[in-house]
Amino acid sequence: MRIDTLLRHTREAFKSLIRNNWMTFAAVSAASVTLLIFGLFLVFAFNINYMASELDREVSIRVFLNASISSDEIDQVKSSIEKKPKVESVKFISKQEGLESMKGWFGEDEKFLEGLEKDNPIPDMLEVMAKDPRQSESLSEELKRDYPNQVDNADFGGGVSRSILDMSSLIRNVVFIFGLGLAVLAAFLISNTIKLTIFARRREIEIMRLVGASNWFIRWPFFIEGTLIGLLGSVVPVAVVLAGYNAVVRILDADKAYSFFKLLGMWPLSLWVAGLTALLGVMIGIWGSLISIRRFLRT
Amino acid sequence: MIEMHDVYKVYPNGVKALNGINVKIDQGDFVYVVGPSGAGKSTFIKLMYREVSPTHGVILINGVNVKRVRDWKIPYLRRKIGVVFQDYKLLPNMTAYENVAFAMEAVETPKRKIRRRVQEVLELVGLYDRMNALPSQLSGGEQQRVSIARAMVNNPSFIIADEPTGNLDPENSWDIMYLLEEINSRGTTVVMATHNKEIVNTMRKRVIAVEQGVIVRDEQQGEYGYED
């Protein structure tokens, strides 16, 4: 396509948005309302997902090292585990640290553990986090298999970990399906309004066809118009959602009593919400335009 | 050249509009298509610019089988054909100049060529002075002249006109006819469906009469032949 043709299409798109100002207003409003719901949902979904990954973090593998291996060997095993593709991080927990944390669990009854300092029965440990927590079980088996002499046992937490993981993936799936449904709903609402704006201009399309304009030549201005409607329609919802979220985060931060609600910070969440909302708006705008124009292009 | 061989058209609702049309229209011809309402004139005309496609039979336009043309290529076929309607079909929010220029933009003509050609064509139809007027500011005859300017601006081989004088008084009708005759004299084929007895009987041309979906008469220098 030549540059001046593209400029013409862009000019036509802007002209028609301005000329059909009420139709534009209707389409942009419809887009704004649905995208507002979508934006609110996104904030919610990102936080849910964040909480789910916080849950996943609870799942780590404890690798109990054989008491007979030297600290050099420990370093070797640690760095070799770190190189495994499934592994996110490895942390060394010495037997002293292990004992300290065990004392913590017993609380006042820690006297029970007195005297163990001299002959600490707790082995040195590596705490391994899998990149994908759902792979923890297979990773722990792999570690036992790969280091039979250095590793006594590797434990990923068994049933409790499994139910945590099941829970977080259920939450993610529910949220994803809900979001998809919302996107489809938004698509129908917005494309219906765009259909009206195109219907108002069927005569123009008819004449373009009669004089031999190619189908793409006819589509382009509508294509650009759809993009603009989607973009314009996402401005207000993004602003409202982010301002609202910012307020909520501040209130919760100010009152530490609620600090167990760990909300995501404004950044980079804002970028995601703005980007995804605008992207959905644009995609729906384009899709709506192309779908609606199709019936006028049939010969 | 337009050729039709054994062309039938049955609409999806079961109406049999054409029942075996055979015709050949040479380059440079001037043809009136006449016949009672509902006889199939409109369908016959629409087949030529591929607004409808035949149920059966072959239509050749400049040797190209219209039915075989892929959908996306039809616009390129249409560029060889200019169409004029009874109701002008001008875009109301564009000036006379813009309406004509629109047809050139639509086929992606470079801008510098558009200006010169549009002025030239508007001069030919006698509306050079009115080029900045909106359709609502023009009379019916003037609007029809704009639509003829639009039809011919891309230098088509054919002008297909569907009752171009149907909404005009006799004086304006004759202006349009002289214009079409002028365009025809420069080598453009003109096919025109009409109900105007006076015009057909005065400006003698080839007459094709369609009744109940078939051609019942095809005469050079023919007469209108109906009473209405």
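## A friendly look at chains A and B

Chain B has 7 helices and 10 strands. Its radius of gyration is 17 Å, close to the 17 Å that the globule rule gives for 228 residues, so chain B is as compact as a globular protein of that length. Please keep in mind that this is a predicted model. The points below take the overall dimensions of chain B, then a helix pair in chain B, a sheet in chain A, and finally the contact between the two chains.

**Dimensions of chain B**

- Along its principal axes, the C-alpha trace of chain B spans about 45 × 40 × 35 Å.

**A helix pair in chain B**

- Two packed helices are described by the angle between their axes and the distance between the axes.
- For helix α3 (residues 96-106) and helix α5 (residues 140-152) of chain B, the axes come within 8 Å and cross at roughly 25°.
- That angle makes α3(B) roughly parallel to α5(B), since angles under 35 degrees count as roughly parallel.
- The crossing of α3(B) and α5(B) is right-handed.
- On the α3(B) side, B:A96, B:N99, B:V100 and B:A103 take part, and they meet B:V146, B:A149 and B:R150 in α5(B).
- Sorted by character, the residues of this contact of α3(B) with α5(B) are 5 nonpolar, 1 polar and 1 charged.

**A sheet in chain A**

- Strands of a sheet pair through backbone hydrogen bonds, either parallel or antiparallel.
- In chain A, 4 strands form an open sheet with antiparallel pairing, and their order is β2-β3-β1-β4.
- The edges of this sheet are β2 (87-93) and β4 (151-155) of chain A, each of which pairs on one side only.
- On average, neighbouring strands of the sheet are turned by 20° against each other, direction ignored.
- Inside the sheet, strand β1 (residues 61-65) and strand β3 (residues 125-130) of chain A pair in the antiparallel sense over 4 bridges.
- If you would like a spot to look for in the viewer, A:I61 stands opposite A:V128 in β3(A).
- Helix α5 (residues 136-146) of chain A lies across β1, β3 and β4 of chain A, and this helix runs at about 175° to β4(A).

**Where the chains touch**

- The contact between the chains takes 19 residues from chain B and 16 residues from chain A.
- On the side of chain B that touches chain A, α2 (74-78) and α3 of chain B each supply at least two residues.
- The largest share of that side, 4 residues, comes from α2(B).
- By character, the residues on the side of chain B that touches chain A divide into 9 nonpolar, 2 polar and 8 charged.

Key
Residues are numbered from 1 along each chain as its sequence is written. Chains are lettered from A and ligands numbered from 1 in the order in which they are written. This is a predicted model: local features need pLDDT of at least 70, side-chain atom pairs count only at pLDDT 80 or more; totals for chains, interfaces and linings use all residues. Two strands pair if DSSP finds at least two bridges between them. Axes are lines fitted to C-alpha atoms, for helices over the stretch in contact, and angles run from 0 to 180 degrees between N-to-C directions. Two residues are in contact if their C-beta atoms, placed from the backbone, lie within 7 Å. Angles under 35 degrees count as roughly parallel, over 145 as roughly antiparallel, 65 to 115 as roughly perpendicular and the rest as oblique. A crossing is left-handed if the near helix is turned anticlockwise from the far one by less than a right angle, and right-handed if clockwise. Ala, Val, Leu, Ile, Met, Phe, Trp, Tyr, Cys and Pro count as nonpolar, Asp, Glu, Lys and Arg as charged, and the others, Gly among them, as polar. The radius of gyration is taken over C-alpha atoms; the globule rule is 2.2 Å times the number of residues to the power 0.38.
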